[in-house]
Amino acid sequence: MRRLLVIGAGTAGVITVNKLRKKLPRSEWEITVVDPADTHDYQPGYLFLAVGMYTPKKVGRPLAKLIPRGVNLVKAAVQDVKPAENVVVLTDGTVLAYDYLVIATGTTPRPDQTPGMDGKLWHDSVHSFYTYADALALRDKLEKFEGGKVVVHVTEMPIKCPVAPLEIAFLAEAYFTKRGIRDKVQMTYVTPLPGAFTKPVAAAALGDMLGKRRITVEPDYIIERVDEDAKAIFSYDEREIPFDLLVTIPLNMGADFIGRSGLGDELNFVSVNKETLQSTKFANVFAVGDATNAPTSKAGAVAHYELDLFPKNFLQLIAGKEMTHKFDGHATCFVESGHGKGLLIDFSYDVEPLPGSFPIPVLGPMRLLKETRLNHLGKLAFRFVYWWLLLPGRYIPISPYMSMRGKRRPAGN
Amino acid sequence: MPTQDMLGREVHVDDEGFLTEYDEWDEKLGAELAKNIGVAMTDEHWKVITFLRTDYKSQGTTATTRRVDAVGGFPVKLQFQLFPAKPAKKMAYIAGLPKPAGCV
Ligand SMILES: Cc1cc2nc3c(=O)[nH]c(=O)nc-3n(C[C@H](O)[C@H](O)[C@H](O)COP(=O)(O)OP(=O)(O)OC[C@H]3O[C@@H](n4cnc5c(N)ncnc54)[C@H](O)[C@@H]3O)c2cc1C
């Protein structure tokens, strides 16, 4: 028996075991997945949960129900990976041996990494929405909020779902408007990037959208600390931004065991070949989803595209062949913009998000980088796609490779 | 790729003036690049630039401010003092390395 071990049963881990169980004969391959969680959350739902658009029921499902027959689910957390010995050690000391290892432990928000962030103001006037508990706490805070300075803040890139902080800014703005208190709220969007987003064309479009909503952008801002007494954030270059409500995306890091194993970079993301997702250090170790250091978005859609390709590569590898299905960094993101509208962006390692149209079967061509009602409906529909098509690894008729079809490059870019 | 004449030689640059060929750089050029953006180089500055050059050679990507802190041992605060306002960009520019990848 050969042993495939997967760490993490989030989006990428669940797709991995669903797809590979179908491809690897049970008589030859044992597949095990390790995760301490009871519930698997649909994380994009946290955003809607925070602004009262979703009830908690819409967000999670029991993890065990998502794992196919013939895959062992071990409910435990990994303490250490010893890639030179081909073993994994669980927090209770149990040792699991493997022939091939797939790391799918995603990224975790780490408010403990910024002085003052997770202190006495945490879940009081300092909030986030990157975990289930954070989203619920923010929802309760927003319900009672009567006005003041709202600061939406990104600590450092990369973060998972890099558009989510923009979305919470848009949705909070719409929420305050609906409650009739928009004029009592000053909103600021604070980012380490030089503008609203990373790539020029999208940054301009999204920056305009912030401007129209009277949300001031504070760019190039690298936070040093949260001052709990002054109720302000301070950057390394001494810019002080006071807040009544800080909604922050804390530093995102990979699992600590990745750092200890020597497989990772300084943020504990696994160093991989960006085309094959194979560890740069050990040929029998891969990382998928948010856990890698591949220079593309950390997003569920990216995990999906990666896993259209990785299983094929894996079959080639174990057959002693060259891996030929090269990932191009393809990412597709719906951006909820409030008031029942949304935007769609599509890009890759080499091509920045551009305007134009994107073919989606059934729903029809979606407008790229433009606010439409259809894009909002697409985002809502994505929850069903996630549970019933994406996680089970069913066929979704969208190419894993980025295509220029329908895209336009604006003059001067 | 456009080229630019600096100190009497032709070097390859991108549209923001970042050098694109690792081997076209030397300290003299570094000093010239620093002058362009108003940074007066001291020993401390050169130590940071040397780290960035060495790290790029082994990693193939330009170090982030976090990496310059965690691996190079130069605290972020110091990076801001030496290369005010936009340390990541300025360090890469002077070191003749690609602009740090704006993470997506
Ligand atoms: C607010 C928000 C909005 C988002 N919106 C979108 C969106 O609109 N579109 C989109 O495409 N993506 C979106 N995302 C991102 C998407 O949810 C993630 O990119 C995706 O879930 C990544 O999958 P993953 O499997 O890599 O990591 P995850 O799904 O996070 O799973 C990681 C798993 O690893 C487990 N784990 C961690 N440490 C250990 C350990 N030591 N031992 C064992 N197991 C461990 C965890 O319990 C978890 O189950 C959003 C995310 C957030 C937070």
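# The ligand shell and some salt bridges

Q: By class, which residues make up the shell around the ligand?
A: Keep in mind that this is a predicted model. Sorted by class, the shell holds five charged and nine polar residues, and its nonpolar residues number 16.

Q: How many residues surround the ligand, and which are the closest?
A: The shell has 30 residues. The closest are A:Thr11, A:Ala12, A:Asp35, A:Asp290 and A:Lys379.

Q: Which helix gives the most to the shell around the ligand?
A: Two helices of chain A, H1 (11–23) and H7 (300–318), each supply at least two residues of the shell. The one that gives the most, with three residues, is H1(A).

Q: Where does the ligand lie with respect to domain 1 and domain 2 of chain A?
A: Domain 1 covers 2–108 + 253–318, and domain 2 covers 112–251. Both give residues to the shell around the ligand, so the ligand lies between them.

Q: How far is an oxygen atom of the ligand from an N or O atom in the side chain of A:Thr11?
A: Let's go through a few polar contacts. An oxygen atom of the ligand is 2.8 Å from an N or O atom in the side chain of A:Lys379, and a ligand nitrogen is 2.9 Å from a polar backbone atom of A:Val78. For the side chain of A:Thr11, the distance from a ligand oxygen to an N or O atom is 2.7 Å.

Q: How much of the ligand's accessible area does the protein cover?
A: On its own, the ligand has 1000 Å² of accessible area. The part covered by the protein comes to 89%.

Q: Is A:Arg110 buried or exposed?
A: This side chain meets A:Asp112 in a salt bridge at 3.1 Å, N to O. Buried means under 20% relative accessible area. A:Arg110 has 17%, so this residue is buried.

Q: Which parts of the chain does the pair A:Asp256 and A:Arg110 link?
A: The two side chains meet in a salt bridge (3.2 Å, N to O). They sit 146 residues apart, so to speak at two distant parts of the chain. A:Asp256 is in helix H6 (residues 256–261), and A:Arg110 is in the loop between strand E10 (108–109) and strand E11 (126–127).

Q: How many residues apart are B:Lys89 and B:Glu16?
A: Over in chain B, these side chains also form a salt bridge, at 3.2 Å from N to O. B:Lys89 belongs to helix H5 (residues 87–95), while B:Glu16 is in the loop between strand E2 (9–12) and helix H1 (27–36). Their separation along the chain is 73 residues.

Methods:
Residues numbered from 1 in each chain as written. Chains lettered and ligands numbered in written order. Predicted model: local features only at pLDDT ≥ 70, side-chain atom pairs only at ≥ 80, totals over all residues. Heavy atoms only, no water. Salt bridge = Lys/Arg side-chain N within 4 Å of Asp/Glu carboxyl O. Buried < 20%, exposed > 50% of the residue type's maximum accessible area, 1.4 Å probe, protein only. Helix = DSSP H or I, 4+ residues; strand = E, 2+ residues; numbered from the N terminus. Near = heavy atom within 4 Å. Polar contact = N/O pair within 3.5 Å; in protein donor to acceptor, adjacent residues only side chain to side chain. Areas by Shrake-Rupley, 256 points an atom, 1.4 Å probe, with all protein chains shown as cover. Nonpolar A, V, L, I, M, F, W, Y, C, P; charged D, E, K, R; others polar. Domains from an automatic or database assignment.
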